[in-house]
Amino acid sequence: MIIYVVKEGDSVDRIATQFAVPVQWIIEANQLAYPYALAIGQALLILTESFMANRGIFANGFAYPFINPWVLQQTLPFLSELSVFSYGFTPEGELIEPVLPVDWMVDEALTYGTSPVITLTPFGPDGNFSNQLIHRMLSNTTARNFLIQNLYEEVLQGGYRGVNVDFEYILAEDRDLFTEFVRDVTLMMEELGGEVTVDLAPKTSADQQGLLYEGKDYRALGEAATRVFVMTYEWGYTYGPAMAVAPLDKVRQVLDYAVSEIPKEKITMGIPNYGYDWTLPYVRGESKARTIGNIEAVQIAIANQAVIEFDEKAQTPYFHYVVGNTTHEVWFEDARSIWAKYNLLREYPLYGFGCWQISQLFRPMWLLMDGNVEYY
């Protein structure tokens, strides 16, 4: 494969001729829209031979029930595991099924040889993570055991192969109870021949302060679960200042700590499948970035004749554009940033990666999984 950065005067036809490949290969691999305009600085993935889907790396993808069936079918051939997002629970341990049907997602996953797993989340009535819900369930032995039994039955009846425990903002006082819960869920799944993954906030030290971090013991959870999923993204986020969502230097800091506490073969690294569009200047408490897809980001650059730059430290593309009197700053993922992340997980080496989330198809992410790349 080749990653080619578009220069002034380039066209799809000219690039196809330069590398002696069919024009349609470039269009399909990069999801280019007619009339196939390009942005200066845009990274194109060029296949030099026909490509067959290959699970060269362990890949997990999170998906909502409202995902477009065609997008799911395009992605499943590359996925080892599909995390159905999400199941909830009550303080008493009742399991709450997703609002929309998910059986079709499970069936599709099994058809493609992908393992479907339940994602368990503690959402409160407002739709946000609730540490009070976590606390009430964990501190009630009867409720905790009831929830585990309900998970057991749902896995059996629903055709699932595992459970992903995605609890966030856990109170520090519930830290050990949470580890115990994860261990019990893992023992339950082992009876069924399945696996349990627990999601970890991106810590860089054991004593890191903050509600995201204090309730999660990396070493203990690494021992309790089959695997861990380290959420190495959201440095750039909706209410924060403009920056890369997953800057490679920051990701590396988290992984350096993670591998000091957990065996490498039990770690999966998070990779974002989205970007953000901020308006400038950033005003804390007022500014709010818009979430965008990676293909959409390039289309915005083309529509506004913006030049796409590449931050070498973050290993992430970005650009600026102006609408009226408002300046925008956009950070997103492209073939270069995804390839840099794949190289990072091979460097350590880790078990694989998890993608948050797969509702918007970004084909280069999947095509790059099992390839050798040259830059032009």
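1. Let's start with helix H1 (residues 12-19), where Val12, Ile15, Ala16 and Phe19 are buried. They share one side of H1, because the arc they cover around the axis is only 100 degrees. Arg14 and Thr17, on the other side of H1, are exposed. That fits the usual geometry: an α-helix has 3.6 residues a turn, so residues three or four places apart point the same way. Keep in mind throughout that this is a predicted model.

2. What do the buried residues of H1 pack against? Their partners are strand E1 (2-5), helix H2 (23-30) and strand E2 (43-46). Right after the helix, have a look at the backbone of Ala20: it follows H1 and has a positive phi, near 55 degrees.

3. Next, the sheet under H1. It is an open sheet of 3 strands in the order E2-E1-E17, and the pairing is mixed. E2 and E17 are at the edges with a single partner strand each, so one side of each has no neighbour in the sheet. H1 packs on this sheet, touching E1 and E2, and its direction makes about 140 degrees with that of E1.

4. The mixed pairing is easy to trace strand by strand. E1 and E2 run antiparallel and are joined by 4 bridges. Along that pair, Tyr4 stands opposite Leu44 in E2, and Val5 stands opposite Ala43 in E2. With strand E17 (residues 374-375), E1 pairs in the parallel sense over 2 bridges; there, Ile2 has Glu374 of E17 as its bridge partner.

5. How many residues of strand E10 (residues 267-272) are buried? The count is 6 of the 6, so E10 is largely enclosed by the rest of the structure. In a regular strand the side chains alternate between the two faces of the sheet. Here Ile267, Met269 and Ile271 point one way from E10, while Thr268, Gly270 and Pro272 point the other way, and all are buried.

6. E10 has parallel partners worth checking on screen. Strand E9 (residues 227-230) pairs with E10 in the parallel sense over 3 bridges, and Val228 has Ile267 in E10 as its bridge partner. From E9 the chain crosses through helix H9 (residues 248-261) to E10, a β-α-β crossover that is right-handed. E10 also runs parallel to strand E16 (residues 352-356), joined to it by 5 bridges; the bridge partner of Met269 in E16 is Phe353.

7. Now for the antiparallel sheet. It is open, has 5 strands, and follows the order E12-E11-E15-E14-E13. Strand E12 (290-292) and strand E13 (309-311) are its edge strands, each pairing on one side only. From one strand to the next, the twist averages 30 degrees. Inside the sheet, strand E14 (residues 316-323) pairs with E15 in the antiparallel sense over 6 bridges, and Val323 has Thr326 in E15 as its bridge partner.

8. Which helix packs on this 5-stranded arrangement? Helix H10 (residues 294-303) does, touching strand E11 (275-280), E12, E14 and E15. The direction of H10 makes about 105 degrees with that of E12. The buried residues of H10 are Asn294, Ile295, Ala297, Val298, Ile300 and Ala301. Their cover includes H2 as well as E11, E12, E14 and E15. H2 is therefore worth a second look, since the buried residues of H1 pack against H2 too. Just after H10, Gln305 takes a positive phi of about 50 degrees.

9. Last, a single residue: is His328 buried or exposed? His328 sits in strand E15 (residues 326-331), and counts as buried because its relative accessibility is 14%, where the cut-off for buried is under 20%. Its side chain makes a polar contact with the side chain of Asp277, at 2.9 Å. Leaving aside residues up to four places away in sequence, His328 touches Asp277, Trp278, Thr279, Phe319, His320, Tyr321 and Val323. So if you want one spot for inspecting this sheet, His328 is a handy choice, being buried at 14% and placed in E15.

Note on methods: Residues numbered from 1 in each chain as written. Predicted model: local features only at pLDDT ≥ 70, side-chain atom pairs only at ≥ 80, totals over all residues. Heavy atoms only, no water. Buried < 20%, exposed > 50% of the residue type's maximum accessible area, 1.4 Å probe, protein only. Polar contact = N/O pair within 3.5 Å; in protein donor to acceptor, adjacent residues only side chain to side chain. Contact = heavy atoms within 4.5 Å. Arc of directions from axis to C-beta. Pairing = 2+ DSSP bridges. Axes fitted to C-alpha atoms, helices over the stretch in contact; angles between N-to-C directions. Right-handed = clockwise from strand over helix to strand, strands pointing away.
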